[in-house]
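Visitor: Please take a close look at one part of this model, the packing around a single residue, and then relate that part to its surroundings.

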Amino acid sequence: MSGTWDWLGVVRGRFLLLTLSCVALGLALAARGRSDAVPVVDAVLVLLGALAAHAAVNALNEWSDYRSGLDLRTRRTAFSGGSGTLLAHPHLLGRTLLLGLGSLLGCALIGLFFLLRQPQLTLSLAPLGLAGLLLVVVYTPWLTRHPWLCLFAPGLGFALMVLGTRIVLGGPPNTGDLLLILPALLLCNNLLLLGQFPDIEADRAVGRRTLPMHIGVEKALHVALVQWLLTYGVLLAMLTQPGLSGAALGLLSLPLALRAAWLLRREPLQAQHLLPALGLNAAVSVATPLLMAVGLLAL
């Protein structure tokens, strides 16, 4: 039993909830484009592939952070700084690498299965899959050295997850689908962006260049505010779109985002402001795509 919990620590199981939320949104978008029900087996396979991709990037990041010494420097919180699993169980280092690479391979094989079964989707699905796999591989060793790429990489990864789910289960997307992927992209950017606030000095020590380090915490907070505004602007616009208005149910998470912004308005690095804001930000990132999915399926 202890080994099971160790592995869950390495892949940061609680953050996999974000994968469930994004796949739910992609499933809801796919259901809109079908005249029949989405096959359950296909939906489960897509979910397993998405979970494998997320587990891979988490495990590889934990492996890299332990080897670089970052784990020894970070001030861990519930939403930042790594899991600390390898500090407590260093014997898992080699198996963590195998877990990350194995999860990545599993994700690739599931994607290949869908490509072979639906070759007509190759032009729309293959580039997304390759981009997603590339993001997993280069995120920690390369993208974290480039502040603006580091900002958009997490959101892009989850946006590809939503879009890939939509294509596999419902065929090529339309303009409305692409608009509804934006909230997932922007909110996942914010999830990682605010999570970098407590780790600025630790990241600097190991050669990372995150956006809060590059432009300062106050300006980085302005970037987060813009992304929240764009997210809820898209959801408000959906109220005027027939067939897409259900996605506006995501607006129910707005009070959480407003509360997080209020907490961070002054001295955002103080723990009594930052830690509750990180929790609220995580709740917004998970709840909004899920609420959008529920609204789209219900209306």
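Guide: Leaving aside residues up to four places away in sequence, Leu194 touches Leu221, Ala224, Trp228, Leu264, Leu278 and Asn281. The model is predicted, and these contacts are computed from it. Leu194 is among the residues with the most contacts inside the largest nonpolar core, together with Leu180, Trp228 and Leu296. Trp228 therefore appears twice, as a contact of Leu194 and as one of those core residues, where membership requires burial and side-chain atoms within 4.5 Å. The core has 74 residues, and its largest share, 12 residues, comes from helix H8, residues 147-170. Apart from this core lies another, of 5 residues, including Ala56, Val57, Leu60 and Leu104.

The UniProt annotation "transmembrane region", from an unreviewed entry, covers several spans, among them 40-60, 181-200, 220-238, 244-262 and 274-298. Residues 40-60 are 100% helix and 0% strand, with the end C-alpha atoms 30 Å apart. For residues 244-262 the end C-alpha atoms also lie 30 Å apart, but the helix content is 47%, with 0% strand.

Some ring geometry completes the picture. The charged end of Arg265 sits over the ring of Trp262, 3.7 Å from the ring centre. The count of aromatic pairs comes to 1. This pair is Phe113 and Phe114, with ring centres 5.3 Å apart and planes at 65°, so it is edge-to-face. Phe114 is buried, at 2% relative accessible area, whereas Phe113 is partly exposed, at 38%.

Definitions and conventions:
Residues are numbered from 1 along each chain as its sequence is written. This is a predicted model: local features need pLDDT of at least 70, side-chain atom pairs count only at pLDDT 80 or more; totals for chains, interfaces and linings use all residues. Side-chain values use heavy atoms; hydrogens and water are left out. Buried means under 20% relative accessible area, exposed over 50%, partly exposed in between (1.4 Å probe, protein chains only). Helices (H or I, at least four residues) and strands (E, at least two) are DSSP runs, numbered from the N terminus. Contact means heavy atoms within 4.5 Å. UniProt positions are given in the numbering used here, feature names are shortened, and annotations may be inferred rather than shown by experiment. Rings of Phe, Tyr and Trp (its six-membered ring) pair if their centres lie within 6.5 Å; planes under 30 degrees apart count as stacked, over 60 as edge-to-face and the rest as tilted. A charge sits over a ring if NZ of Lys or CZ of Arg is within 6 Å of the ring centre and within 35 degrees of the ring normal.
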